[in-house]
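Subject: Handing over the structure

Hi,

Here is the structure I said I would pass on. Have a look at it first, and then read on for what turned up.

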Amino acid sequence: ICTIAATAYYAMAVNYQDLTMNGERQVVYARYIDWVLTTPLLLLDLIVMTKMGGVMISWVIGADIFMIVFGILGAFEDEHKFKWVYFIAGCVMQAVLTYGMYNATWKDDLKKSPEYHSSYVSLLVFLSILWVFYPVVWAFGSGSGVLSVDNEAILMGILDVLAKPLFGMGCLIAHETIFKKMESKETLIEKVVATAQAIA
């Protein structure tokens with residue numbers, strides 16, 4: 001995830017991916033390529049902590065990809081009224097995938113274990129709050145042009161740092177903690193069984 005994001009930001013830095021529509025605002029399309037590749041992986045980092053089925057995973061990932069596609073279509077659109085149609089469609093897709101991810105927090109048949117569930121909820125809340133700010137920045141940047149291309153890139157970059165490296169570290173720490181807890185539980189069970197066998 002970080003390698004893909006770093007490659008995209010290198011492309012942004014050297015301006016190999018910018019297009020200027022009708023002599024107006026630059027469209028930084030490397031950012032959208034980055035998101036199409038990395039956001040499904042971020043979601044899968046969370047999904048492995050649940051018992052989600054293939055159908056649910058497919059529509060969550062599908063909604064995520066459509067959300068980004070609507071974002072880039074809106075960025076390329078010159079007519080403001082159509083630009084906001086794409087924006088609203090992207091927000092609807094974000095709501096759909098968010099509902100799908102939170103669905104695993106209240107359905108018992110989708111919960112993996114108490115340890116995984118607590119980590120899943122904490123990381124999901126962190127990521128979903130961050131993702132709310134992306135359309136806000138897009139609306140003030142690519143949407144309305146209130147933010148310059150540079151300012152939009154800076155704000156998106158801050159969000160990406162929080163949503164990728166920092167979130168990734170959280171996932172690694174969660175998996176390591178869960179592994180140690182489960183390992184200690186297995187050791188305790190083995191000791192209890194050994195003690196019971198010795199008594200018998």
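Before anything else, one cut-off you will need: a residue is called buried when its relative accessible area is under 20%, exposed when that value is over 50%, and partly exposed in between. Please also keep in mind that this is a predicted model.

Let me use that cut-off straight away on Trp84, a residue of helix 4. Is Trp84 buried, exposed or partly exposed? Its relative accessibility is 28%, so Trp84 counts as partly exposed. Setting aside neighbours within four places in sequence, Trp84 has contacts with Trp138, Ala139, Gly143 and Ser144. If you want a distance to check on your screen, try Trp84 and Gly71: they sit 13 residues apart in sequence, and their C-alpha atoms are 9.8 Å apart.

Ala5 makes a nice contrast. You will find Ala5 in helix 1, which covers residues 2-13. With a relative accessible area of 8%, Ala5 is buried. What does Ala5 touch, once residues up to four places away in sequence are not counted? The answer is Asp34, Thr38 and Lys164. For Thr38 there is a distance as well: the C-alpha atoms of Ala5 and Thr38 are separated by 7.5 Å, although their positions lie 33 residues apart along the chain.

Now the overall picture. The chain holds six helices and two strands, and reading along the sequence gives the pattern α-β-β-α-α-α-α-α. Of the 200 residues in the chain, 39% are buried. If you take the contacts with a separation of 6 or more, 69% of them join residues 24 or more positions apart.

Next, how the helices pack. In general, you describe two packed helices by the angle between their axes and the distance between the axes.

Start with helix 2 and helix 3. Their axes cross at roughly 160 degrees and come within 10 Å, and the two helices are therefore roughly antiparallel to each other. The crossing is right-handed. On the helix 2 side the contact includes Tyr29, Tyr32, Trp35 and Val36, while helix 3 brings Ile57, Val60, Ile61 and Asp64, among others. Sorted by class, this contact of helix 2 with helix 3 has 15 nonpolar residues, two polar and one charged.

Helix 3 (residues 54-76) also packs against helix 4 (residues 80-106), at an angle of about 160 degrees and with the axes 8 Å apart. Helix 3 and helix 4 are therefore roughly antiparallel as well. Which hand does the crossing of helix 3 and helix 4 have? This one is left-handed. Among the residues that meet here are Met56, Trp59, Phe66 and Phe70 from helix 3, and Tyr86, Met93, Leu97 and Met101 from helix 4. The contact of helix 3 with helix 4 has 16 nonpolar, five polar and two charged residues.

Then there is helix 4 with helix 5. The angle is about 175 degrees and the axes are 11 Å apart, so helix 4 and helix 5 are roughly antiparallel to each other too. Their contact divides into 16 nonpolar residues, seven polar and one charged.

Finally, the nonpolar cores. How many residues does the largest nonpolar core have? It has 40, and the members with the most contacts inside it are Leu43, Leu46, Met101, Tyr120 and Trp131. Two or more residues come from each of helix 2 (29-47), helix 3, helix 4, helix 5 (114-143) and helix 6 (149-199). Helix 5 gives the most to this core, with ten residues.

Met101 is a good place to centre your view. Leaving out neighbours within four places in sequence, Met101 is in contact with Leu43, Leu46, Ile47, Met52, Val60, Tyr120 and Leu124. Apart from the core of 40 residues lies another core, of six residues, including Ala8, Ala11, Met12 and Val28.

That is what I have for now. Over to you!

Best wishes

Terms used
Residues are numbered from 1 along each chain as its sequence is written. This is a predicted model: local features need pLDDT of at least 70, side-chain atom pairs count only at pLDDT 80 or more; totals for chains, interfaces and linings use all residues. Side-chain values use heavy atoms; hydrogens and water are left out. Axes are lines fitted to C-alpha atoms, for helices over the stretch in contact, and angles run from 0 to 180 degrees between N-to-C directions. Helices (H or I, at least four residues) and strands (E, at least two) are DSSP runs, numbered from the N terminus. Angles under 35 degrees count as roughly parallel, over 145 as roughly antiparallel, 65 to 115 as roughly perpendicular and the rest as oblique. A crossing is left-handed if the near helix is turned anticlockwise from the far one by less than a right angle, and right-handed if clockwise. Contact means heavy atoms within 4.5 Å. Ala, Val, Leu, Ile, Met, Phe, Trp, Tyr, Cys and Pro count as nonpolar, Asp, Glu, Lys and Arg as charged, and the others, Gly among them, as polar. A nonpolar core is a set of buried Ala, Val, Leu, Ile, Met, Phe, Trp, Tyr and Cys residues joined through side-chain atoms within 4.5 Å. Buried means under 20% relative accessible area, exposed over 50%, partly exposed in between (1.4 Å probe, protein chains only).
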